Amino acid sequence: MRKKAKDSSELWRPKKHSTVDYEPWQRLTLMRLETDTRTQLASKKHRLEHSLSVASMAEHLAILYDVDPFLACAAGYLHDWDKVLSAEELIRRAQRFGIDLGVPLESVEPLLHGMVAARELPERYPHLPEEVWHAIACHTSAAEDMSPLDMVLFVADGIEPLRRASEGIQQTRSLVGHVSLDDLFWNAFVGGLVYVLEGGRYLYPRAIDIYNSLAQDRLRARNLKERRA
Ligand SMILES: [Fe+2]
Ligand SMILES: [Fe+2]
């Protein structure tokens, strides 16, 4: 019998914490975050597996693109922390934190879990820096000011091996290690927008502003590069 072709994502599936020379306190912190994530998401098996996979993928991308793998892995574990909440509870908490996205929160509820977690978790993990919370806050919506860590988490969330492959996801996966982190993120971000539009889903209005801002930044960078060449 012919063996089923392997999903190409398996070819570069990372091994957990395998190649990183972490400080003992970092290793302990990551072990604690993994344990806490397992407890928090115990009732949501797929979400838990996804979160563990995003942590590994974020660590892998971070190593590849010279970003701090400890912060990437930590952000990966925690990014979907509030996915256990009901839509009503998520909206209630977003209102309590004064999160205003310019539209009724009900229409952007799928975007809220990262923003709420980024406001709740610093109290629980005060030793983790602001960059981690920024990455978690914008992992659903992206932002005009994406840092390399933000991009790593955004891409890892979109392409981790357990996520069912669409054409766009496969394309992003195929670019890992072959293009810059900026280009990889851009591919994932635009792929996400296409997914929303093609599926007739609600488009968060600020996504257009974010797209235009990022597109202009890319154009400026390209022009500058061409002038220098
Ligand atoms: Fe998420
Ligand atoms: Fe996620």
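Student: What makes Ala-58, Ala-72, Ala-74, Ala-75, Val-152 and Val-155 stand out in the largest nonpolar core?

Tutor: In this predicted model, that core has 50 residues, and these six touch the most other members. The elements giving two or more residues to the core are α1, α2, α3, α4, α5, α6, α7 and α9.

Student: Which residues does Ala-74 touch, not counting those up to four places away in sequence?

Tutor: They are Thr-29, Leu-30, Leu-33, Leu-128 and Val-132. Each counts as a contact because the C-beta atoms lie within 7 Å.

Student: Why are α6 and α7 called oblique to each other?

Tutor: Their packing angle is about 45 degrees, with the axes 9 Å apart. Angles under 35 degrees count as roughly parallel and 65 to 115 as roughly perpendicular. The pair fits neither class, and α6 and α7 are therefore oblique. Glu-131, His-134 and Ala-135 of α6 make the contact with Leu-149, Asp-150 and Leu-153 of α7.

Student: How do you know that α10 lies largely in the open?

Tutor: Buried means 20 or more other C-beta atoms within 10 Å. Of the 23 residues of α10, the number buried is one, so α10 lies largely in the open. This helix, residues 206–228, reaches 33 Å from its first C-alpha to its last, close to the 33 Å expected.

Student: Which residues of α2 are buried, and what covers them?

Tutor: Among the buried ones are His-50, Val-54, Met-57, Ala-58 and Leu-61. The cover includes α1, α3 and α7. Just after α2, Asp-66 takes a positive phi of about 60 degrees.

Conventions
Residues are numbered from 1 along each chain as its sequence is written. Chains are lettered from A and ligands numbered from 1 in the order in which they are written. This is a predicted model: local features need pLDDT of at least 70, side-chain atom pairs count only at pLDDT 80 or more; totals for chains, interfaces and linings use all residues. Helices (H or I, at least four residues) and strands (E, at least two) are DSSP runs, numbered from the N terminus. The expected span of a helix is 1.5 Å times one less than its number of residues. A residue is buried if 20 or more other C-beta atoms lie within 10 Å of its own, exposed if 12 or fewer, and partly exposed in between; C-beta atoms are placed from the backbone. A nonpolar core is a set of buried Ala, Val, Leu, Ile, Met, Phe, Trp, Tyr and Cys residues joined through C-beta atoms within 7 Å. Two residues are in contact if their C-beta atoms, placed from the backbone, lie within 7 Å. Axes are lines fitted to C-alpha atoms, for helices over the stretch in contact, and angles run from 0 to 180 degrees between N-to-C directions. Angles under 35 degrees count as roughly parallel, over 145 as roughly antiparallel, 65 to 115 as roughly perpendicular and the rest as oblique.
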